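Trainee: Could you walk me through this model before I head back to the bench? I'd like to ask things piece by piece.

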Amino acid sequence: MSLDTAERRPEQAASAPAVWCSGLRKRYRGRVAVDDVSFTVGRGEVVGLLGPNGAGKTTAIKMLLGLVRPDAGEVLLLGQPGADPRARARVGYLPELFRYQPWLTASEVLALHVRLAGVDIPAAEQRESLALVGLADRAGDRLGGFSKGMQQRLGLAVALVARPELVVLDEPTSALDPIGRADVRDLLLELKSRQVAVLLNSHLIGEVERVCDRVVILDKGRVAAAGTLAELLGQNELRLRLDTVSPQAEQRLAAAGSVSRDGDNRTVRLPADLDPATVPDLVADLVRLGVRVHAVEPGRISLEQRLLDILRHEEHA
Ligand SMILES: Nc1ncnc2c1ncn2[C@@H]1O[C@H](COP(=O)(O)OP(=O)(O)OP(=O)(O)O)[C@@H](O)[C@H]1O
């Protein structure tokens, strides 16, 4: 697993990463919120920011976007200093907690943000952004009558309307129903296919696992782990359904890797660099030891399991 240290400051060029930050720190009244955080989001890359409550995710995002002043550290967005309005105009942002003026209509909110971004987006394209988040038929309705999920959908349209090259989404699906979540997942994949970079803060690990190229895990303000899903989930698993397991057979299983048991089901954690003979040899030995093998299912550990392993290890470190 590689810690994403992003040491060298990139050139301020069109090819610079979408996000580059180095040594970000923030304290609130003596309490550390973010402590020496560095990472990058490449152009067109979807990066997930994960971590427990209070880990510093939102604070880190706000420092990237110039909404919180860092005590230390440096930020480049799309190759420009984070505070530069030219960079910010090409960044779409969905904040975690937000409230629009209730007397505005959905299309007025979009028009306002397009004006603030200083870009010229035709009215038809603005309507398309509303359609993209399932609000096409509510364009003329005032926000005072919008549900939480509808407000979050509008927030997404705001983040996407000005043709951003980088989109930062702070818990975009927290208020959404299952269909809304699936829509956002499709939307993220669509952004990826258009080479728009995304930084996604979400507690929905399955969602992150499905769409993200890379993950940065924060814990107690620090980067606890970072890497591609393949790097983080390198470990293999073997799920077996067995009966008539003798003590010798138990020993043979334990020799292959750490074993957890749930009734007749056993899960063996195997190393990442698995020898191709390991699984067939194990099954042959089990059969020889009189075990009845009902099912053998290879798998990879889930991001959720990996996250829990990392965070529990940090707790005991
Ligand atoms: N404005 C603030 N004033 C004082 N402390 C703050 C402020 N904002 C954040 N903090 C503290 O900084 C730490 C990190 O908070 P942050 O909101 O960044 O965490 P998070 O990882 O986004 O959490 P969650 O998953 O719960 O949204 C917490 O201890 C929090 O209490």
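What follows is a chat in questions and answers about the fold, the ligand shell and a few single residues.

Mentor: Keep in mind that this is a predicted model, where local features need pLDDT of at least 70, side-chain atom pairs count only at pLDDT 80 or more, and totals for chains, interfaces and linings use all residues. Residues are numbered from 1 along each chain as its sequence is written.

Trainee: Let's start broad: how many helices and strands does the protein have?

Mentor: Helices (H or I, at least four residues) and strands (E, at least two) are DSSP runs, numbered from the N terminus. The C-alpha atoms fill a box of roughly 75 × 45 × 40 Å along the principal axes. The secondary structure in there comes to 11 helices and 14 strands.

Trainee: And what share of the residues is buried?

Mentor: Burial goes by C-beta atoms placed from the backbone: a residue is buried if 20 or more others lie within 10 Å of its own, exposed if 12 or fewer, and partly exposed in between. The protein has 317 residues, and the buried share is 35%.

Trainee: Which helix supplies the largest share of the shell around the ligand?

Mentor: A residue is near the ligand if its C-beta atom, placed from the backbone, lies within 6 Å of it. The shell is made of Y28, R31, A33, G51, N53, G54, A55, G56, K57, T58 and T59. Both β2 (31–41) and α1 (57–64) supply at least two of its residues. The largest share, three residues, comes from α1.

Trainee: By class, how many polar residues does that shell have?

Mentor: Ala, Val, Leu, Ile, Met, Phe, Trp, Tyr, Cys and Pro count as nonpolar, Asp, Glu, Lys and Arg as charged, and the others, Gly among them, as polar. The shell has three nonpolar and two charged residues, and its polar count is six.

Trainee: In the sheet that holds β2, which strands stand at the edges?

Mentor: Strands of a sheet pair through backbone hydrogen bonds, either parallel or antiparallel. Two strands pair here if DSSP finds at least two bridges between them. This open sheet has the order β2-β1-β4-β5, with antiparallel pairing. Two strands have a single partner each, so one side of each lacks a neighbour in the sheet: β2 and β5 (80–81).

Trainee: Inside that sheet, which residue of β4 stands opposite C21?

Mentor: β1 (19–28) and β4 (72–77) run antiparallel and are joined by five bridges. α1 lies across β1, β2 and β4. Opposite C21 in β4 stands V75.

Trainee: Is S38 buried, partly exposed or exposed, and why?

Mentor: S38 is found in strand β2. Its C-alpha atom is separated by 7.6 Å from that of W20, 18 residues apart along the chain. Because S38 has 19 other C-beta atoms within 10 Å, it is partly exposed.

Trainee: Which helix gives the most to the largest nonpolar core?

Mentor: A nonpolar core is a set of buried Ala, Val, Leu, Ile, Met, Phe, Trp, Tyr and Cys residues joined through C-beta atoms within 7 Å. The largest one has 73 residues, of which L64, A157, V168 and V198 touch the most other members. With eight residues, the helix that gives the most to this core is α5 (148–161).

Trainee: What about the other sheet: in what order do β11, β12, β13 and β14 come?

Mentor: β11 (236–243) pairs with β14 over eight bridges in the antiparallel sense. The sheet is open, its pairing is antiparallel, and the order is β12-β13-β11-β14. The edge strands, each pairing on one side only, are β12 (258–262) and β14 (292–300).

Trainee: How many residues lie between β9 and β10 in their hairpin?

Mentor: β9 (214–219) and β10 (222–228) pair in the antiparallel sense over six bridges, and V216 has A226 as its bridge partner. K220 in the turn has a positive phi of about 50°, and the number of residues between the strands is two.

Trainee: Last one: why does T244 count as exposed?

Mentor: T244 lies in the loop between β11 and α9 (247–256). Although T244 is not a glycine, its phi is positive, about 50°. T244 counts as exposed because its C-beta neighbours inside 10 Å number 10.

Technical notes. Contact = placed C-beta atoms within 7 Å. Axes fitted to C-alpha atoms, helices over the stretch in contact; angles between N-to-C directions.
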